[in-house]
Amino acid sequence: MTVFSVPASLLYKLEQELDTDEKETVVFLCSDLMPGESISDVLQLLTALNEKEILTTINLSELLYRLKRFDLLKKFLGTGRAAVEANLAHHSQMLSKYRVLMTEINEDLDKEDLRSLSFLLKNHLGKSHKEKSFLAIITDLEKLELISPMHLDLIENAFLTIHRRDLAKKIQKYKLEARFPNMNAKTLQVSLPKLSLADPPEPVNKGRVMNGACAAQAEQIHISIAETAVQGCNKYRMQSKPLGVCLIIDCIGNDAGLLTRAFQSLHFEVHCRLFLNMDAVMCDLHAAAKLRAHKDADCFVCVLVSRGNQEHIFCTDHIAPGFQLERLKDFFTGEKCPDLLGKPKLFFIQNYVEPQNWQGNASLTEADGNLGTIPQVADIFWSHCRLDASVLERSPCSSSYYLSTLAGLLMDPQKRKLPLLDIFVELNSRIYEWNRINSTEQYSLLLKHTLRKKLFLIDK
């Protein structure tokens with residue numbers, strides 16, 4: 001069927017009818033339709049879409065419908081709201097459901113909501129004090145790769161934090177429909193068994209170079225490449241590119257940027273997840289354990305930052321008892337994650353303990369090789385820092401001294417050459433000194449591990 005272009009005169013008249021906010025909405029809604037191009041002028045954008053035969057009169061009616069300019073539908077296209085809705089129900093749509101959802105949310109936000117949202121996300125949006133619209137904020141977050149059509153947890157949890165559960169529910173509904181587009185009871189029952197996070201682990205190639213145990217033994221027990229080192233060398237192999245996956249789950253949001261830069265500088269593939277609720281944390285841990293990237297990597301890192309109590313974190317739900325920290329490493333044992341068998345698995349936890357649950361003190365405890373409540377599994381490094389959550393009440397945007405010092409040591413060209421345990425001796429020393437001179441902000445640091453060899457985060 002021949003596609004007829006929309007007359008240029010009609011596009012000009014339409015553009016003259018739109019106000020500034022409506023023009024911004026048009027640019028946002030259509031930004032996926034011109035990949036690789038960024039056109040902020042509405043008339044130029046509509047003209048470019050028209051020249052590419054994307055902007056038919058039907059698609060133009062869809063655009064005006066999303067703007068709720070039903071007067072222009074009647075005036076210029078001779079149609080009405082009911083006719084457009086009937087067409088959208090039976091034919092493919094030009095505009096993505098994700099962008100339509102964001103524009104609908106934009107209409108539901110008042111100035112106070114937007115002010116709260118901007119404050120909550122300011123660590124991700126830079127230091128600019130210029131007031132931005134919700135669509136401009138979403139565009140900035142997209143450029144930073146913090147949200148996308150399939151990754152909306154950041155903005156969903158931000159809405160929960162500002163008590164806009166109605167908007168969070170809209171996002172949850174969108175995510176469910178995106179996963180199961182034709183969902184009904186029968187379809188869901190048929191579809192669920194087909195879902196798979198990863199293929200079963202494959203046996204290790206017989207010809208791969210092994211570190212320590214002989215190749216015959218490695219083949220028998222399917223041990224991974226990092227399980228043993230080159231004969232006579234008592235250190236973990238740290239040569240893969242990238243070095244491994246670093247999963248950062250930050251439910252507070254003050255340290256994610258610095259941590260990301262630190263582990264990227266060590267050549268980790270960083271997956272940063274912000275403001276997650278309990279269900280999202282569980283999903284992310286399950287997904288991280290199934291990543292195929294572990295197979296060729298030499299290490300795994302998990303950083304977890306949240307409010308909690310002594311042994312649990314609350315995520316953004318703020319509901320006790322929360323997620324039991326002891327379960328964290330269980331996702332990455334050799335049984336659950338065979339591709340990490342024999343490879344160092346590093347866990348760094350900053351737990352802001354709620355005042356009613358705070359029973360700690362400022363002492364530092366280091367118990368090499370004794371994991372206490374952690375099951376006796378090899379190759380785990382567990383660093384758990386507790387701090388009274390009242391610190392966040394006094395200064396909501398304050399960085400954790402534990403995490404910022406850790407990041408600084410890992411980025412220091414000289415310090416990063418040391419074995420990880422030596423780096424933590426330096427970290428312990430700095431935190432001890434901090435506690436000595438800061439009586440109102442006391443860090444309690446617990447370090448336990450079952451490393452079997454020296455661990456250098458850069459290849460020596």
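Ala, Val, Leu, Ile, Met, Phe, Trp, Tyr, Cys and Pro count as nonpolar here, Asp, Glu, Lys and Arg count as charged, and the others, Gly among them, count as polar. Keep that sorting handy for one of the stops below.

**Start with the whole thing**

Before you zoom in, remember that you're looking at a predicted model. Show the protein as a cartoon and you'll have 19 helices and nine strands to look through. There are 460 residues, and 46% of them are buried. Switch on a surface if you like: the protein exposes about 23400 Å², with 53% of that supplied by carbon and sulfur atoms. And if you're curious about contacts with a separation of 6 or more, 72% of them join residues 24 or more positions apart.

**Next, select residues 42-51**

This is helix α3. Which of its residues are buried? Pick out Val42, Leu45, Leu46, Ala48, Leu49 and Asn50. Now add α1 (8-17), α2 (20-30) and α4 (57-66) to your selection, and you'll have the helices that the buried residues of α3 pack against.

Have a look at both ends of α3 while you're there. At the N-terminal end sits a cap, Asp41, with a side-chain oxygen 3.2 Å from the backbone nitrogen of Leu43. After the helix comes Glu53, and its phi is positive, near 60°.

**Now hunt for the empty space**

Rolling a probe the size of a water molecule over the atoms shows where empty space is left. How many cavities of 30 Å³ or more does the structure hold? Just one. The largest cavity contains about 40 Å³ of space.

To find the spot, select Leu14, Leu18, Val26, Leu46, Leu60, Leu63, Leu64 and Leu67, which line the largest cavity. You've met Leu46 already, among the buried residues of α3. Which helix gives the most to this lining? That's α4, with three residues. Here's where the opening sorting pays off: the lining has eight nonpolar residues, no polar ones and no charged ones.

**Last stop: Leu88**

Select residues 81-90 to bring up helix α6, then click on Leu88 within it. Is Leu88 buried or exposed? It counts as buried because its relative accessibility is 12%, and the cut-off for buried is under 20%.

Show the side chains around Leu88 too. Setting aside neighbours within four places in sequence, Leu88 is in contact with Glu62, Tyr65, Arg66 and Gln93. To finish, draw a distance from the C-alpha atom of Leu88 to that of Asn59: they are 29 residues apart along the chain, and the separation is 9.7 Å.

Definitions and conventions. Residues numbered from 1 in each chain as written. Predicted model: local features only at pLDDT ≥ 70, side-chain atom pairs only at ≥ 80, totals over all residues. Heavy atoms only, no water. Buried < 20%, exposed > 50% of the residue type's maximum accessible area, 1.4 Å probe, protein only. Helix = DSSP H or I, 4+ residues; strand = E, 2+ residues; numbered from the N terminus. Contact = heavy atoms within 4.5 Å. Polar contact = N/O pair within 3.5 Å; in protein donor to acceptor, adjacent residues only side chain to side chain. 1 Å grid on protein atoms, 1.4 Å probe; cavity = no way out; pocket = protein on both sides within 12 Å on 5 of 7 lines; lining within 4 Å. Points joined across faces, edges and corners; volume = space filled by probe spheres on them. Areas by Shrake-Rupley, 256 points an atom, 1.4 Å probe, with all protein chains shown as cover.
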